[in-house]
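Q: I am new to this structure. Please take a close look at one part, then connect it to the rest step by step.

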Amino acid sequence: MKSKDIFSRYSRQIFIEEIGLEGQRKIMNSKVLVIGAGGLGSPVIQYLAAAGVGTLGVTDFDEVELHNLNRQIIHNENSVGKSKVKSAEEFVKKLNHHVNFIGMENKIDESNAEEIISQFDIIIDGSDNFKTRYLINDTCVKLRKPLVYGSILGFSGQIAVFNYDGSKNLRDLFPEPPFDENLPDCDSLGVLGALPGIVGSMMANQALKIMTDLPLNVNQITLIDTLHWRFQTIDF
């Protein structure tokens, strides 16, 4: 992009004193991986693409279903039956064709996690099961990658930044995943559609702060209760 086009497109970010042109350049040079193109991944993908992230990787092995559409806002009725990665790519290209989109239609597992994660600067976990979350965390610790973590259920959410600049990680907060893999999830108990928009936007905000070297409060988890509209931050 030409300098004048960059300024015109991203001027409202550049006007922020703490970001400026230098911060925008950092955003445009960043490589970010979003794991999951569902409820949390959708707003993250949307806002990072809008912000001008240079390289945006998205991995997901699922297809868009009708019941996804109440919360997975980058997909639409014409996306039903299509891979979420392909749908996400179409959305990003329409929003900001300057973003280098890297789509991976496969599941993160022990055989590929290190290879995939090593290619990116910042990892954003929008997965929906404990096994994947802990695998992502452990791989980020091994590779020294900052991890933006979020989870949602019903009216409640959580967000934290792990493994950033020597900070603690998921296992420092919860040493082991729950033994019961049949714990309630969004498929069984549901989720209000706006909740992942709130939590995912917060995750995108944290990722942008990492890219632009803005101050972050680490070794904290924020608990979000949108039913009673309470936000609580706990140090760990």
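**From a loop to the buried strands**

A: Trp-229 counts as exposed because its relative accessibility is 55%, and the cut-off for exposed is over 50%. The model is a predicted one. Trp-229 is located in the loop between β7 and β8. Its backbone also deserves a look: Trp-229 is not a glycine, yet its phi is positive, at about 55 degrees. Most residues other than glycine have a negative phi.

Asn-219 is another residue of this kind, with a positive phi near 55 degrees although it is not glycine. Asn-219 belongs to the loop between α9 (194-211) and β7 (220-225). Asn-219 counts as partly exposed because its relative accessible area is 22%, and buried would require a value under 20%.

The next step is to the aromatic side chains. Searching the whole structure gives four aromatic pairs. One of them joins Phe-7 and Phe-15 in an edge-to-face arrangement, with 5.7 Å from centre to centre and 70 degrees between the planes. Phe-7 is partly exposed, at a relative accessible area of 36%, while Phe-15 is exposed, at 53% relative accessibility. Phe-162 and Phe-236 also form a pair: their ring centres are 6.1 Å apart and their planes meet at 70 degrees, so this pair is edge-to-face as well. Phe-162 is part of strand β6 (residues 156-162) and Phe-236 is in the segment after β8 (230-235), so the pair ties together parts that lie 74 residues apart in sequence. Phe-162 and Phe-236 are both buried. Together with Tyr-149, Phe-162 and Phe-236 make up one aromatic cluster.

Phe-162 leads on to Leu-170. Leu-170 is in helix α7 (residues 170-173) and is buried, with a relative accessible area of 3%. Setting aside residues up to four places away in sequence, Leu-170 touches Phe-162, and also Arg-133, Tyr-134 and Asn-137. Leu-170 and Val-218 are 48 residues apart along the chain, and their C-alpha atoms are separated by 12 Å.

Arg-133, Tyr-134 and Asn-137 are among the buried residues of α6, as are Thr-132, Leu-135, Ile-136, Thr-139 and Cys-140. Arg-133 has a further link: its charged end sits over the ring of Phe-130, 5.2 Å from the ring centre. What do the buried residues of α6 (residues 130-143) pack against? They pack against α7, α5 (113-117) and the strands β1, β4, β5 and β6. The length of α6 can be checked too: at 1.5 Å a residue its 14 residues should span 20 Å, and its end C-alpha atoms are 20 Å apart, which agrees.

Helix α6 is also the middle part of a right-handed β-α-β unit, together with β4 and β5. Strand β4 (residues 122-125) has Ile-122 and Ile-124 pointing one way, with Ile-123 and Asp-125 pointing the other way, and all of these residues are buried. On one hand, β4 runs parallel to strand β1 (residues 31-35) and is joined to it by four bridges. On the other, three bridges pair β4 with strand β5 (residues 147-153), again in the parallel sense. Ile-123 appears in both pairings: Ile-123 is the bridge partner of Leu-33, and the bridge partner of Ile-123 in β5 is Leu-147.

Two helices remain to be placed. In helix α3 (41-51) is Ser-42, which is buried, with a relative accessible area of 0%. Beyond its neighbours within four places in sequence, Ser-42 is in contact with Ala-37, Gln-72, Ile-73, Ile-74 and His-75. Helix α3, together with α2 (20-28), is included in what covers the buried residues of α1.

Those buried residues of α1 are Ile-6, Tyr-10, Ser-11 and Ile-14. Helix α1 (residues 3-14) spans only 12 Å between its end C-alpha atoms, whereas a straight helix of twelve residues would span 16 Å at 1.5 Å a residue.

Methods:
Residues are numbered from 1 along each chain as its sequence is written. This is a predicted model: local features need pLDDT of at least 70, side-chain atom pairs count only at pLDDT 80 or more; totals for chains, interfaces and linings use all residues. Side-chain values use heavy atoms; hydrogens and water are left out. Buried means under 20% relative accessible area, exposed over 50%, partly exposed in between (1.4 Å probe, protein chains only). Two strands pair if DSSP finds at least two bridges between them. A crossover is right-handed if, with the strands pointing away from the viewer, the path from the first strand over the helix to the second runs clockwise. The expected span of a helix is 1.5 Å times one less than its number of residues. Contact means heavy atoms within 4.5 Å. Rings of Phe, Tyr and Trp (its six-membered ring) pair if their centres lie within 6.5 Å; planes under 30 degrees apart count as stacked, over 60 as edge-to-face and the rest as tilted. A charge sits over a ring if NZ of Lys or CZ of Arg is within 6 Å of the ring centre and within 35 degrees of the ring normal.
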